[in-house]
Amino acid sequence: MTITLTRSDGNHFSYTPTDDIEQTVFNGLNDQKEYSWSSSATNRCGTTAGYGTPGFQPGIAPAFTRDDPSLAATHGRSYHYRFHATGQLKPTYALLDAPAWLSIDPTTGALSGVPPVGTTDFVYSVTATNHVGEDFGNGPLSVATAGPFTVDVSP
């Protein structure tokens, strides 16, 4: 089956769903104009007009505006940072290839964790995702760990 959406200016966009896809992203529809739409579906038996009502959710892909955390951490002490990305709809955040002790709040972008003693370094990436796309920021990030150090001042 092929679904065709026709815009009031005559332009049309067609796609062939795979499986039971209910959502498709069309790029290039961001000219900030308002249009009316009609739809049709075509298969080996013919074409049907008025196939469903097209629903549109315009958006802007995420883009990080804050993705420069410290690349140094201390054993046994909190390592934290708040990532921020713009986008419409608001993006959600996820960690990739991170150690198990490191986590991120998917809504706020708050990253936190405590590097265990013996950790010499760790690597992670953060993505911001919405219905239009995703941004991988400047990752993967490689963080060196050290200390904490104690100083013996006895005579």
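# A walk from Pro115 to the aromatic rings

Start by selecting Pro115, which sits in the loop between strand S11 (110–113) and S12. Strands here are DSSP runs of E, at least two residues each, numbered from the N terminus. Before going on, note that this is a predicted model: local features need pLDDT of at least 70, side-chain atom pairs count only at pLDDT 80 or more, and totals for chains, interfaces and linings use all residues. Residues are numbered from 1 along each chain as its sequence is written, and side-chain values use heavy atoms, with hydrogens and water left out.

**Stop one: around Pro115**

Is Pro115 buried or exposed? Pro115 counts as buried because its relative accessibility is 0%; the cut-offs are under 20% relative accessible area for buried, over 50% for exposed and partly exposed in between, using a 1.4 Å probe and protein chains only. Now show what touches Pro115, where contact means heavy atoms within 4.5 Å. Leaving aside neighbours within four places in sequence, Pro115 is in contact with Ala73, Thr74, His75, Gly76, Arg77, Tyr79, Trp101, Phe122 and Thr145. You can also draw a line from Pro115 to Ala100: they are 15 residues apart along the chain, and their C-alpha atoms are separated by 9.9 Å.

**Stop two: Thr145**

Pick Thr145 from that contact list next. Thr145 lies in strand S14 and counts as buried because its relative accessibility is 12%. Beyond its neighbours within four places in sequence, Thr145 is in contact with Ala73, His75, Pro115, Thr119, Thr120, Asp121 and Phe122.

**Stop three: Ser125**

Hop over to Ser125, in strand S12. Ser125 is buried because its relative accessibility is 9%. Which residues does Ser125 contact, leaving aside its neighbours within four places in sequence? Select Ala94, Leu95, Leu96, Gly139 and Pro140 to see them. Ala94 is 31 residues from Ser125 in sequence, while the C-alpha to C-alpha distance is 8.4 Å.

**Stop four: the nonpolar core**

A nonpolar core is a set of buried Ala, Val, Leu, Ile, Met, Phe, Trp, Tyr and Cys residues joined through side-chain atoms within 4.5 Å. The largest one here has 16 residues, and those with the most contacts inside it are Tyr79, Phe83, Tyr93, Leu111 and Tyr124. Colour strands S7 (79–82), S12 (121–129) and S14 (141–146), since each supplies at least two residues of this core. S12 gives the largest share, 4 residues.

**Stop five: ring pairs**

Finally, show the rings of Phe, Tyr and Trp (for Trp, the six-membered ring): they pair if their centres lie within 6.5 Å, with planes under 30 degrees apart called stacked, over 60 edge-to-face and the rest tilted. How many aromatic pairs does this rule give? The count comes to 7.

One of them joins Phe64 and Tyr93, a tilted pair at 6.4 Å centre to centre with 45 degrees between the planes. This pair links distant parts of the chain, with Phe64 in strand S5 (residues 60–66) and Tyr93 in strand S9 (residues 92–96), 29 residues apart. Phe64 is buried, at 13% relative accessible area, and so is Tyr93, at 6%.

Now zoom to Tyr79 and Phe122, an edge-to-face pair at 5.4 Å centre to centre and 85 degrees between the planes. Tyr79 is in strand S7 and Phe122 in strand S12, 43 residues apart. Tyr79 is buried at 4%, and Phe122 is buried at 5%.

For a last view, select Phe64, Tyr81, Phe83 and Tyr93 together: ring pairs link them into a cluster.
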